[in-house]
Each structure stands twice: as C-alpha cells, then as structure tokens.
Amino acid sequence: MAGSGLPLLLVQNDAAGDVLTCQEGLSFWGGVDPDTGVIIDAHHPDCGASLAGRIVLMPTSRGSCSGSGVMLQLARNGHAPAALVFCEDEDILTLGAMIAARLFDRPVAVLRLPRVDYDRLSAARHAEIRGETLAFDGHVIGLIRPDPHQLTLSDADKNMLAGQDGPAAQVAMEVLCLIAAAQGAQNLTDVSRAHIDGCILAHDANLDFAEKMQKMGARVRIPTTINAISVDRIGWQAQDVPPDFGHKASRLADAYVNMGARPTFTCAPYLLDDAPQMDEPIGWSESNAVIYANSVLGARTQKHPDYLDLFIAMTGRAPNTGVYLAANRVPGRVINVALPDHYDESIWPMLGWLAGAKSPNAIPVLTGLEAASPTPDDLKALCAAFGTTSAAPMLHARGHTPEGDLPVPVDAAQFDVSPLDLARVWRGFNAGPAQVDLVAIGSPHASLTECREFARLLRDLGAPLVADVIVTVGRNVLAAATQEGMVGTLTQAGVRVIPDLCWCSITEPVFPAGAQVLMTNSGKYAHYAHGLTGRDVRFGSLRDCAKAAVSGRARDDLPAWLPG
C-alpha cells in the first residue's frame, strides 16, 4: 500500500490532541529528548517544541535508525506524541510504535495520509482518532489498515508466523509482515547478513527489548554483526563509568551476543574484512552503514529501524521493497556541485550534509565531482553526514559510486551546490566558541588510514596536547593499529583510543565532564553533538583537529578555499 494514496492506519490507538506540524522530517535519535519528548536538534526549525501528547505531523522521519528506540522509550514513559502522522513512506518511528504496542502494551497511533488530507490536517488546531476514523475541523476521514495476509509467504515464513519455530520467531515474523504490508511489499526476500543497531544504552527501552527477546528464545539465523555500544566492553571498569550504567550497557551487548551475534561493536561494519559485495542483499541498520553499503559497495539494504534488524537476523528475511529492487535505486534528484579550485577533506561531510538537506526524501545523484579523487574515508564521511539530513537510504556520485551512471528521470528536480553554500554550512558547524576543550575523532568509527594520518599530523606538529583527544575505533581497527605500533604512539602523545563505543554513545565520565567546546572532523557528529551533549561544537579537517589539539583553539577564519 506504499504510495497507494489511501489514508492508512498503521498503528491503532484512540487519541486526541493539539496538532503540531513539523515542516521538516526529524530524527528522534539525537533530535528528541527520550525522557521528555522535547525536540533538541539545534538545526531543526522546531527545536524546543514538545511532542508529548500532541498530534505530530511531519512528511517522514529522517536520520538515525535508532529513532525507533526513542519512540519506544517515549511510549513507555508517557511522553510520546498522541499520534504520528506522515504523508510519505516512514518505517523507523512506525516500527517503534508497533513494538510499543505489540510487546509492551503502550500503543501510539500512526497514520499515513494522502497529501491533500495531510495538508488539511496541518491547518487544524486539534484532532481526534477514534477506532478507524480521524476527525478534525468538521472533516471525518476513514482509515484503512494494511493487510499482511495479502503477502505471498514461503512455507518457512508461514511456519514462523504460526509459531512453529517458537514465540520469538513468531513475533519477529508478525512484525516483519506488518511492516511489509505497510510498505506495499508483495513478499519477503532472503538476506545474507544482518547488522544490529539497537545496542546503545541511550535509554532503558533498548535493554528491556533485547532481554525480553532473549528470554523468549530469540536466535539469529544469519551472520550478524553488532553496532557500537555504550561502553568499552572490556575496559569500562577502569574508566570511572558508574557501575549501574556499565553493567546495564554490558547486559545489553551480551543479550545480542547470547542471541548469536558477533561482538564486533562497530558502527562501521563495512570496514570489517568481510564487507558486503555488489548486489548482495543484506539486512543492515545504522544509517551511515546502510548508506555506505548501498552507495559505495553497491550492496542492497533498506534503512531498517532498530528492532526490525533483530527480526531480520532471526528470520533471514526482509520486506522485498525499497532499494532491494533495482527500479527503486534510480536517482530522483540531481545535485550539481561546483567544486572550489582547491579544498581539503572537510568538503566531503559538508557536501553530504547539503545533499541530504536538498534531497530529504529522494535518492540524489551528485554531479560535478567526476574530476575529484575521494578516498574511501571521504566517501564514508559523505555518506554519514548525508544520513543526518535525509531519509533516503543511499546516494549516487557520478564517477565514484558503482551505480552513479544510472539514468535520471527527465522530470527529476535539479539543485545546485556552490562554494557559498559550503561556506554557510561551515559557519553553521562552527557556531561555538573558538576555545576547544575536546577533539572528537571517529564518528563513524575511525579507519586504519584515519588513525595513521592523525598520528602523523600530531607527530609533525611536535607539540604537547592542550585539549583532551579521543579517537573511537572498532575492535578490528584497534587490533591492526596496535600491531603497527600506532596505538602506542597515539597513547604516548596523550590521545585516548577507545574501542566498542562511538561518539553517538559516549557519556560522562568517558566524555570529559569539564569540556564545554568540542571539535570534530565528522559532519554527522557536528550535526548531532549539541543535542546529545549540550556542548558547543567546532568542525574542521583532520589537520584542523590536530592543530586544535595542540593549541586549544579552533581556527577563527574560513578555510582559504571557501569564499568569505
């Protein structure tokens, strides 16, 4: 029923409340306080508004796959919206509401309306949902529930749905079928591997879900990796982490390991030795990983919400829709980039952020980059920043991604990106004071080449560190960097190299309590950091970060390659 133009009731619950219309999509993770329902995304036009108890409209969500966990936490603590209303396909928050209803008896109504009804509702002050009816300002709209029984299922699917493989697999298949019906899929497809994202202890909902599924007997059926977690799994007790938090975070990680997932603990699973191949169907969560896998590796995966990733791992099946299908990987927008004559690698996260802002819902193709020479790290930064401002699961770049030459529809919208646009992003990323207390590298997890380059930059500067410096890495990169002697070099210089957790999950005391301004080379973290930490943010290249580490100050001016 996706794109059917019918008013859909995706999660049923009677509700009433004042209408809040968000003109832009919102990432609940990093954008909404999970304890209060207040919007904390400093870049969102509705920052500071409360969602609690309101009929919340937005075209679709965007950003992190972990928004489903925030949705579940809000539903359980009584600060969720009374209802969520979309006018475009949306999975992340919908899935969180489904889990809240199915496993925790805390339903939140979710609707998807045709644009004309959505626009009428956005002009209303108050609305009510009763049964399968939406009422506001004299309008009464009948709502239709997607029918999962219309799916064509394999015998194995039917057995799981009937409970023959146990209650956990039955729940997994039930939810997969509900999501598939809501997406308009006709059937499910096999996937070869999964990546679990809902393993960060940002709130108790993630732990309660994982341990509930483990107690029900959940086991993964396909090779499954685990995202970054909230502690250094081995070293947290020596880092002054409060025991209650450390043990809870460890229990959350252990729950997924006990269900059969590999303890990789990295948000960059594409840096592992067995990265997915071209056209390989996979079932990944974690927005930056999904976008990199689709865009750069040419693998195929939807941007699956947290919790659905486990259900996919348990069944080896995913809704056969979206970018699993070749027809849906075609770009819907063209972004023409006018590159400056000279630039450094900080251009790539800024381009990704801009591309997402100009293509919040559609897959774009970037042109004008054909003569550039982005490294895998540059493409990693591009994809990660794109995921903060766009709901799309991939992008194309002519000359640099395997499907970059796909034909563009003749009616595709065209947008331009100029050096002036990049300068505006730079200023937005550098709104904080110039005094830098903390340098944050590794969002997503730093690669081996990034570690090498940062160590070289600090060595060439030849000065002691003034600011705290933390580099987060996956266990595989830590092992390789240790073997090369690089970790020893960085540690001797005063840099903390920490595995398992990443900047999206670091909290005090690992995050230095006294740090008021942080600097990062990550467009993703530059976007989310203020909302997550309350700290001011500066942004720059890896060289800029190294200079700030030894001087305690960010540059006061624009880079020479950006127009003033």
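The largest nonpolar core holds 141 residues, and Phe28, Ile99, Phe209, Met213, Tyr256 and Phe311 have the most contacts inside it. A nonpolar core here is a set of buried Ala, Val, Leu, Ile, Met, Phe, Trp, Tyr and Cys residues joined through side-chain atoms within 4.5 Å, and buried means under 20% relative accessible area, with exposed over 50% and partly exposed in between (1.4 Å probe, protein chains only). Helix H2 (residues 92-104) gives the most to this core, namely nine residues. Helices (H or I, at least four residues) and strands (E, at least two) are DSSP runs, numbered from the N terminus. Apart from this core lies another one, of 28 residues, with Leu448, Leu457, Met519 and Ala554 among them.

A word on the ground rules: this is a predicted model, in which local features need pLDDT of at least 70 and side-chain atom pairs count only at pLDDT 80 or more, while totals for chains, interfaces and linings use all residues. Residues are numbered from 1 along each chain as its sequence is written, and side-chain values use heavy atoms, with hydrogens and water left out.

Back in the core, Phe209 touches Leu72, Ile99, Leu103, Phe104, Tyr256, Tyr307, Leu310 and Phe311, once residues up to four places away in sequence are set aside; contact means heavy atoms within 4.5 Å. Some of this belongs to the packing of H2 on helix H6 (residues 204-215), where Ile99, Leu103 and Phe104 in H2 meet Asp208, Phe209, Lys212 and Met213 in H6. The two helices pack at an angle of about 50°, with their axes 12 Å apart. Axes are lines fitted to C-alpha atoms, for helices over the stretch in contact, and angles run from 0 to 180 degrees between N-to-C directions. H2 and H6 are therefore oblique to each other, given that angles under 35 degrees count as roughly parallel, over 145 as roughly antiparallel, 65 to 115 as roughly perpendicular and the rest as oblique. Their crossing is left-handed, that is, the near helix is turned anticlockwise from the far one by less than a right angle (clockwise would make it right-handed).

Two other helices are wrapped up by their surroundings. In helix H8 (residues 287-297), 11 of the 11 residues are buried, so H8 is largely enclosed by the rest of the structure. Polar residues are part of that buried set, including Ser287, Asn288, Asn294 and Ser295. Packed against the buried residues of H8 are strand E12 (283-284), helix H11 (376-389), strand E18 (438-446) and helix H16 (523-533). Helix H9 (residues 308-315) tells a similar story: eight of the eight residues are buried, so H9 too is largely enclosed by the rest of the structure. Asp309 and Thr315 sit in that buried list alongside Leu308, Leu310, Phe311, Ile312, Ala313 and Met314. After H8 comes Gly298, with a positive phi near 75°, and just after H9 comes Gly316, with a positive phi of about 70°.

Positive phi also turns up outside glycine, in the loop between helix H7 (243-258) and E12. Phe265 lies in that loop and has a phi near 50°; Phe265 is buried, at 2% relative accessible area. Asp279 lies in the loop between H7 and E12 as well, with a phi of about 70°, but Asp279 is partly exposed, at 42%.

The model also has cis peptide bonds. One runs from Ser443 to Pro444, with omega near 0°, and Pro444 is in strand E18. Another joins Glu508 and Pro509, with omega about 10°; Pro509 lies in the loop between strand E20 (496-499) and strand E21 (517-520).

Two single residues round things off. Asp421, in helix H12 (residues 419-429), is buried at 13% relative accessible area. The side chains of Asp421 and Arg424 are joined by a polar contact of 2.5 Å. Such a contact is a pair of N or O atoms within 3.5 Å; within protein, one must be able to donate a hydrogen and the other to accept it, and residues adjacent in sequence count only if both atoms are side-chain atoms. Neighbours within four places aside, Asp421 is in contact with Leu354 and Asp416. Val408 sits in the loop between strand E16 (396-397) and strand E17 (413-417) and counts as partly exposed, at 24% relative accessibility. Beyond residues up to four places away in sequence, Val408 touches Pro331, Val334, Val365 and Arg398.
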